[in-house]
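Notebook open. Jotting down what I looked up, chain by chain.

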Amino acid sequence: MSDARFRNPGWAGNTGEFDLTEADVRGSEFVGEQPLDGGHPSVAPSLPYMLVKKDPEAPLFEGPYLERFEKIRSRYPMARAALIPALNLAQELRGHVSPETMDEVAALLGLSDAFVRGVATFYTMYNKRPVGRFLIQVCTNISCNIRGADEVLAAFLEHTGTELGETSSDGDFTIAEAECLAGCGFPTCVQINSRYFEDVSAKDVPAVLERLKREVNDGF
Amino acid sequence: MAYPYRHESETRILSRGFGDPAARTVAGWKAMGGYEGIARALEIGREATIEEVKASGLRGRGGAGFPTGLKWSFMPKDARRPHYLLCNADESEPGTFKDREIIRWTPHQLIEGCLVGSYAIGAAHCYVYLRGEFFESTRVLARALEEAYEEGLVGTDVMGSGVDIDITLHVGAGAYICGEETGLMSSLEGRRGEPRVKPPFPAAVGAFGMPSTINNVETLAATPHILRHGGEWYRQWGTDKSPGTKLFCVSGHVAKPGNYEFPLGFPMMELIEDVCGGIPNGRALKAVIPGGSSVPIMSAEDCRECPLCYEGVEAAGSMLGCASVIVMDDTTDIVKQVRRMAYFYAHESCGQCTPCREGTTWATRILQRIEDGRGTEDDLDTLIEISEQMTGTTICVLSDSLAMPIISSIEKFRDDYLALIRRGERVGAA
């Protein structure tokens, strides 16, 4: 099975000395399901996820998302401090942050449109336009670079048939270059939506993409 | 052996729970002596807590190495205004990957550290500023924090002491500069992550205009151990000027890259050769960046006798920074890597200060020109000149952080630059 090495992503795969499962490494059983309402208020600002499912028309905010938004607001001494968590939440729902989304968030927090646009455009993680079901961000900074990150990036582009920053024709993949992801001991480090895939070499790329395709089909 | 990064000679204080999923729970952490540090702090009082950390000699692990106890003592002693503790978990210095390991394996170690720090500075609220990319590790920390609230370890009346300490997890959205302490404060307040002029220092005017202290994840994670065992205990490791243990993040051309915990002062070559299994494929060492990409590059010769402590690396002409040891073998194209670093700093410059905004961009273009074989020898002088103008002329040290690798690489690997400029030869290019 070509993706055997991905039983332990987020790991130093080439040392061969580990016996933990992927769930152990990622902590997925420990964290359980993501609560849509944000869980305890102390953690509500920290829970945005990058999801496969994106709805650019999703309302800001309703139901459990409104609850999460209110919890976020309760944790800061000033309304403005909720801006970045609110933009994160908007992106979780809609997949990207359009100028209209920025204006809606501005209205929710009583901030000016210009101010919110200034903030939203400062931060790299806000997708200013729609991205594929999987946003694949390849670290090409120094520690990954000297271990072949440029080849990994090239392989992702080749196997998805895309250009940097463009989305594949089936809507599945957008490939981007990322700055250091703090996984330097596990080169090349690749962030795919909310997950890290590490120790990725150019030859592993087809297996990674196959796995993602399977996850879409499984309704991940 | 569950965790691959182990070496029998390690001193495992911070990394004891790495690779052990049980350490993520309150019960698992308590079984390892967890929450005894904060219990002792609450027992001996705020002043004595600061004194204990002062006695340990613990220095900030985020890169600057400022004594933690001293930093805490700058906070006002009265409680007329709210105080805030900010934990800097915006780990984004290239080459650094230690905080993520602490967060995802031992979240309670950080939570307990936040409690100790908050108590010491009289803060009723601690914000942990996590980088936005840390979705998975943040979820682990979030679940652990929920459990800590359920157990009465955080929140109102911490462990029945009558002291209230709230912790809130806050995530950023991708900006290296938010790891700079005043940039972090700006970002936490919902603004662009632009650093601020100091003074006023955060202890006077910090987050939300209130007295604040900013500590790195690894710094805070060390404090429960210091409180539990005492400052003198911590000094059994390390050197007089750099006490204690430290996570060394080794990346690049070594057989077993990873996080290894050793007393400060550990010999660099022993770390590379013995612990990390040396340089693979029979290659030779060419260069090391010892403290994350923002410090001067060292040649193989500089590394020979270098102990990994703040004063030791400084004496060897660089800085320990956050002890992120990036190892490069003799196939490494130094010009390309310096250009890649320059591109990073140009991308991450917040744009407030002209020497940084312009300097990082122009340095990148000149380095690209040299890499493409269109450079001249005058370009090296221009790079040095730009770098000098980028040093000490801006609000924060982002531009200095690029100037250092540029200047040191031209000093130490001038032949690599000249080979490209004169003959179009890329040294080390595959």
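I took helices (H or I, at least four residues) and strands (E, at least two) as DSSP runs, numbered from the N terminus. On that basis I read the elements of chain A from the N terminus on as α-α-α-α-α-α-β-α-α-β-β-β-α. That comes to nine helices and four strands.

Ground rules: this is a predicted model, where local features need pLDDT of at least 70, side-chain atom pairs count only at pLDDT 80 or more, and totals for chains, interfaces and linings use all residues. Residues are numbered from 1 along each chain as its sequence is written, while chains are lettered from A and ligands numbered from 1 in the order in which they are written.

Next I checked the overall form of chain A. Its C-alpha atoms fill a box of roughly 50 × 35 × 35 Å along the principal axes. Why does the radius of gyration of chain A agree with a compact globule? Because chain A has 18 Å, and a compact globule of 220 residues would have a value near 17 Å (taken over C-alpha atoms; the rule is 2.2 Å times the number of residues to the power 0.38).

I also looked at burial: 49% of the 220 residues in chain A are buried (20 or more other C-beta atoms within 10 Å of a residue's own, C-beta atoms being placed from the backbone).

Then chain B. I have domain 1 (21-234), domain 2 (245-329) and domain 3 (334-423), with bounds from an automatic or database domain assignment. The centres of domain 1 and domain 3 of chain B, over C-alpha atoms, are 35 Å apart.

Notes: Buried ≥ 20, exposed ≤ 12 C-beta atoms within 10 Å, placed from the backbone.
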